[in-house]
Amino acid sequence: HSFWPPLGWSDSLTSVGGFFFAGGGGQPAFFEYLSEMEQPRDYRKTLWVTTPALLVLYYGTAAVMYNRFGDKVPGFLLDILPFDSTRLLGNALFFFHIIVSFTINNTALLRAYATHSVTDGSWGARREWGLMSAAVLGAAYVLTNMVSLFEDMT
């Protein structure tokens, strides 16, 4: 396989954009953690650990998959797995990753709109957080089912 896949100009720009989106789309920054930290000055330490780890994981996976399968690698990487226990495990881990990411981002988003603190244990605060969380979850569900996979948009 060549280092540069045989793509046209448009596909090449889409690929480069995807590359930068995956690596720089806020993943290594985790700004929502900053507001939750007891010692915000330690935030830089999280960047020094997470950024290299995510770069190795994302681009290491991409390099291994491209080296092994070339241009046959699907847009959704789990589609390369056979329909057996490995696919079940891969989907379960991906689902867990999505739930954790959604929960972290949802908490940061709702904190900006909530009138009660996230640590407030009153019935009113729980009702507000519950309703707002359900609304965001419902909106996310509708959005993800209305928009097709990104690879179909090119």
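User: Before we start, what does "buried" mean here?
Analyst: Buried means that a residue has under 20% relative accessible area. The model we're looking at is predicted, and that cut-off gets used on its chain of 154 residues. Go through the chain that way, and the buried share comes to 14%.

User: What is the chain built from, helices or strands?
Analyst: Reading along the sequence, you meet the pattern α-α-α-α-α. The count of strands is zero. So what you have, counting runs of at least four residues for a helix, is five helices.

User: How much of the exposed area do carbon and sulfur atoms supply?
Analyst: Start with the total, which is about 11900 Å² exposed by the chain. Carbon and sulfur atoms then supply a share of that, and the share is 70%.

User: Of the contacts between residues at least 6 apart in sequence, how many join residues at least 24 apart?
Analyst: Take the contacts in the chain whose residues sit at least 6 apart in sequence. Then pick out those that join residues at least 24 apart, and you get 40%.

User: Where does R87 sit, and is it buried or exposed?
Analyst: R87 belongs to helix 4, which covers residues 85-113. Its relative accessibility is 12%. Buried means under 20%, so R87 at 12% counts as buried.

User: Which residues does R87 touch, leaving aside its neighbours within four places in sequence?
Analyst: With those neighbours set aside, a handful of names remain for R87. They are L78, D79, L81 and P82.

User: Which residue's face does R87 lie over?
Analyst: Look for a ring with R87 over its face, at 4.2 Å from the ring centre. As for pairs of aromatic rings, the structure holds zero. The ring under R87 is that of F83.

User: Which residue forms a salt bridge with R87?
Analyst: In the whole structure, the search finds two salt bridges. In the one with R87, the closest N and O atoms are 3.1 Å apart. The partner is partly exposed, with a relative accessible area of 41%. That residue is D79.

User: And D42, what does it form a salt bridge with?
Analyst: D42 counts as partly exposed, at 24% relative accessibility. In its salt bridge, the closest N and O atoms are 3.4 Å apart. The partner, at 54% relative accessible area, is exposed. Its name is K45.

Definitions and conventions
Residues are numbered from 1 along each chain as its sequence is written. This is a predicted model: local features need pLDDT of at least 70, side-chain atom pairs count only at pLDDT 80 or more; totals for chains, interfaces and linings use all residues. Side-chain values use heavy atoms; hydrogens and water are left out. Helices (H or I, at least four residues) and strands (E, at least two) are DSSP runs, numbered from the N terminus. Buried means under 20% relative accessible area, exposed over 50%, partly exposed in between (1.4 Å probe, protein chains only). Contact means heavy atoms within 4.5 Å. Accessible areas come from the Shrake-Rupley method with a 1.4 Å probe; for residues, only the protein chains shown count as cover. Rings of Phe, Tyr and Trp (its six-membered ring) pair if their centres lie within 6.5 Å; planes under 30 degrees apart count as stacked, over 60 as edge-to-face and the rest as tilted. A charge sits over a ring if NZ of Lys or CZ of Arg is within 6 Å of the ring centre and within 35 degrees of the ring normal. A salt bridge is a side-chain nitrogen of Lys or Arg within 4 Å of a carboxyl oxygen of Asp or Glu.
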